[in-house]
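Colleague: Got a minute to go through this model with me? I'd like to talk cysteines, then helix packing.

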Amino acid sequence: MDLPVVDLAPYLGTAGGGPTAAGEEELRALCATVSASLRDTGALLVKDPRCSAADNDRFLDVVERYFARSADAKRLQERPHLHYQVGVTPEGVEVPRSLVDKDIQEKIKNMPEEFQPATPKGPDPKWRYMWRVGPRPANTRFKELNSEPVIPEGLPEWKETMDSWGSKMISAIEVVAEMAAIGFGLPKDAFTSLMKEGPHLLAPTGSDLQRHGSEGTVFAGFHYDLNFLTIHGRSRFPGLNIWLRNGKKMEVKVPVGCLLIQSGKQLEWLTGGECLAGMHEVVVTKRTLEVVELAKEQNRSLWRVSSTLFAHVASDAILKPLGHFAEAPDAHSYPPMCAGDYVEQELSVINLKGKDEV
């Protein structure tokens, strides 16, 4: 099974004026595809004419150059006192949820063997860079979730490249959030109004396939994302597996020029459990190794970079099931909670927030 690819162009084309009746029917069907895919698979592929494959390549080129630096050089951008929410997170810091969450361990045990995730040996051997995208609130209870960006020296194009690709991906997420709201029978701005001034983070990961290139190496252990929606451009190396709502495991193939969107825990909250946060992992597979061989022949970088962006509900906004989702069978499991409190609680579990503050 492949994920549906939704072209956002028809929806974007209506921004200037209302569609015809036939066009409206087509748009409603597109919105229904978006919401159904997020509900049933926790993921979706989109094509946004504003986010080109060339933009994605330019971003990957700059980030590959950064991750190719020595570990000591990269650690100059490390900010542990800010929960690693800006700057670099070195390999060996992020702990996969599946190592510390008893419920998830139970869930894995009950899966048929062919759908079980790979077992990580410890913390993830991947680096990550956190870069804020978009405006932050003037007044917030959650200052450290809204900290100033960290800019590495010696890469003059860094800020412009990160800001440009980050804002394009946020634009794509906002359209998907509007379409999902329409598909779910909610007001068009039900989700986007909560995202305004959210602590959105462009958070590319860097995994060194030169050092960690053996089959079965787990770069990101089985986990869900704690934010609202996650969006990725296409990586140059495969290895991402997702789990569908029916429990089946699926390797994701992102076509050139497409973006992958995954549902996070905040979307699960806002839909009263109707959309579950998508479980996923990144593992070195046979397909990864085939692409590594090709990259060696072509003398290309062996850093696997993911152009991941985490779109969030604003820190001071309240998470609770919206509209008719308040009547969902599991709505009681999602009590009203401040989004920033929820994020801090989750960060402490995966080791990104100082243990002394837990």
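Colleague: Is Cys275 buried or exposed?
Modeller: This is a predicted model, where local features need pLDDT of at least 70, side-chain atom pairs count only at pLDDT 80 or more, and totals for chains, interfaces and linings use all residues. Residues are numbered from 1 along each chain as its sequence is written, and side-chain values use heavy atoms, with hydrogens and water left out. Buried means under 20% relative accessible area, exposed over 50% and partly exposed in between, with a 1.4 Å probe and protein chains only. Cys275 comes out at 0%, so the answer is buried.

Colleague: How many disulfides does the structure hold?
Modeller: A disulfide needs a pair of cysteine sulfur atoms within 2.5 Å. Cys31 is buried as well, at a relative accessible area of 2%, but its sulfur is 14 Å from the closest cysteine sulfur, in Cys275, which is too far for a bond. So the count is zero.

Colleague: At what angle do H3 and H7 pack?
Modeller: Helices are DSSP runs of H or I, at least four residues, numbered from the N terminus. Axes are lines fitted to C-alpha atoms over the stretch in contact (heavy atoms within 4.5 Å), and angles run from 0 to 180 degrees between N-to-C directions. H3 (residues 53-67) and H7 (residues 158-183) have axes 10 Å apart, and the angle is about 135°.

Note on methods: Helix = DSSP H or I, 4+ residues; strand = E, 2+ residues; numbered from the N terminus.
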